[in-house]
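Visitor: Could you show me this model and tell me how its labels are earned? I would like each term set against its rule.

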Amino acid sequence: MATDHISFGGAKLILLIGGKLLVIRRDDRPDIPWPDHFDFPGGGREGDESPEICVLRETFEEIGLCLSASDLVWRVQVPGPNGLSVFFAAEFGPDVVRNITLGREGQGWELMPPYEYINHPRAIPHFADRLADYLVIRSDDR
């Protein structure tokens, strides 16, 4: 997947490990969007970084996984509150779990069946929509 330097506000990663979705439970603070909800790794752009560099940096900072752009298997751009938001997907086997370490943000992380997230009360609704989009594409490829 080629990198580029589009104008965007942030990037998120739909990360499937052993077929389950990795989610980070956001801090429960009133000064952040979606407190105490299940988030995907990713976050805001720093400087002039590309969407790929942004999501890879944020993933490392948040869960300690050092991924590469070649691990990203899907991408979609959607309008967001701070310009475009870019969503990516990556999939790994279950052995990757041993390399996960929670960073400084969030209450914890867990793996859940992807379809459970879509209707979960702690899901971020527009993230659930992107996950549903990816699952449709993914099932078409199999």
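**How the labels are earned**

Visitor: Why does W74 count as buried?
Guide: W74 has a relative accessibility of 10%. Buried means under 20% relative accessible area, exposed means over 50%, and partly exposed lies in between, with a 1.4 Å probe and protein chains only. The value of W74 falls under the 20% limit, so W74 is buried.

Visitor: Before we go on, what are we looking at?
Guide: This is a predicted model, in which local features need pLDDT of at least 70 and side-chain atom pairs count only at pLDDT 80 or more, while totals for chains, interfaces and linings use all residues. Residues are numbered from 1 along each chain as its sequence is written, and side-chain values use heavy atoms, with hydrogens and water left out.

Visitor: How many aromatic pairs does the structure hold, and what makes the pair of W74 and Y134 tilted?
Guide: There are four aromatic pairs. For W74 and Y134, the ring centres are 5.2 Å apart and the planes meet at 50°. Rings of Phe, Tyr and Trp (its six-membered ring) pair if their centres lie within 6.5 Å; planes under 30 degrees apart are stacked, those over 60 are edge-to-face, and the rest are tilted. An angle of 50° is neither under 30 nor over 60, so the pair is tilted.

Visitor: Which parts of the chain does that pair link?
Guide: Distant ones: W74 is in strand 5 (residues 74–80) and Y134 in helix 3 (residues 125–141), 60 residues apart. Helices (H or I, at least four residues) and strands (E, at least two) are DSSP runs, numbered from the N terminus. Y134 is buried as well, with a relative accessible area of 4%.

Visitor: Why is the pair of F87 and F127 called edge-to-face?
Guide: Their centres are 5.4 Å apart and their planes stand at 75°, which is over the 60 degree limit, so edge-to-face is the label. This pair also joins distant parts of the chain, F87 in strand 6 (residues 83–92) and F127 in helix 3, 40 residues apart. Both F87 and F127 are buried, and they belong to one aromatic cluster with F40 and Y117.

Visitor: What makes helix 1 mostly covered?
Guide: Ten of its 13 residues are buried, among them P51, C54, L56 and I63. Strand 1 (10–17), strand 2 (20–25), strand 4, strand 5 and strand 6 are included in what covers them. The helix reaches 18 Å from its first C-alpha to its last, close to the 18 Å expected; the expected span is 1.5 Å times one less than the number of residues. Just after helix 1, G64 takes a positive phi of about 75°.

Visitor: What lies just ahead of that helix, in the loop after strand 4?
Guide: S50 sits in the loop between strand 4 (42–44) and helix 1 (51–63). At a relative accessible area of 1%, S50 is buried. A polar atom of the S50 side chain lies 3.1 Å from the backbone nitrogen of I53.

Visitor: How do you know that C54 is in no disulfide?
Guide: A disulfide is a pair of cysteine sulfur atoms within 2.5 Å, and by this rule the count is zero. For C54, the nearest cysteine sulfur is that of C66, 15 Å away. That is too far for a bond. C54 is buried at 0% relative accessibility, whereas C66 is exposed at 70%.

Visitor: Why is I6 called partly exposed?
Guide: I6 has a relative accessible area of 21%, which is not under 20% and not over 50%, so I6 is partly exposed. I6 is in the segment before strand 1. Leaving aside neighbours within four places in sequence, I6 is in contact (heavy atoms within 4.5 Å) with R45, P51, R75, Q77, L84 and V86.

Visitor: How do you know that strand 5 and strand 6 pair?
Guide: Two strands pair if DSSP finds at least two bridges between them, and these have seven, in the antiparallel sense. V78 has S85 as its bridge partner in strand 6, and the two strands form a hairpin with two residues between them.

Visitor: Which strands does strand 2 join?
Guide: Two antiparallel bridges join strand 1 to strand 2, and two more antiparallel bridges join strand 2 to strand 3 (residues 38–39). With strand 7 (residues 108–112), strand 2 pairs antiparallel over five bridges. R25 shows two of these links: G108 is its bridge partner in strand 7, and R25 stands opposite F38 in strand 3.

Note on methods:
A polar contact is a pair of N or O atoms within 3.5 Å; within protein, one must be able to donate a hydrogen and the other to accept it, and residues adjacent in sequence count only if both atoms are side-chain atoms.
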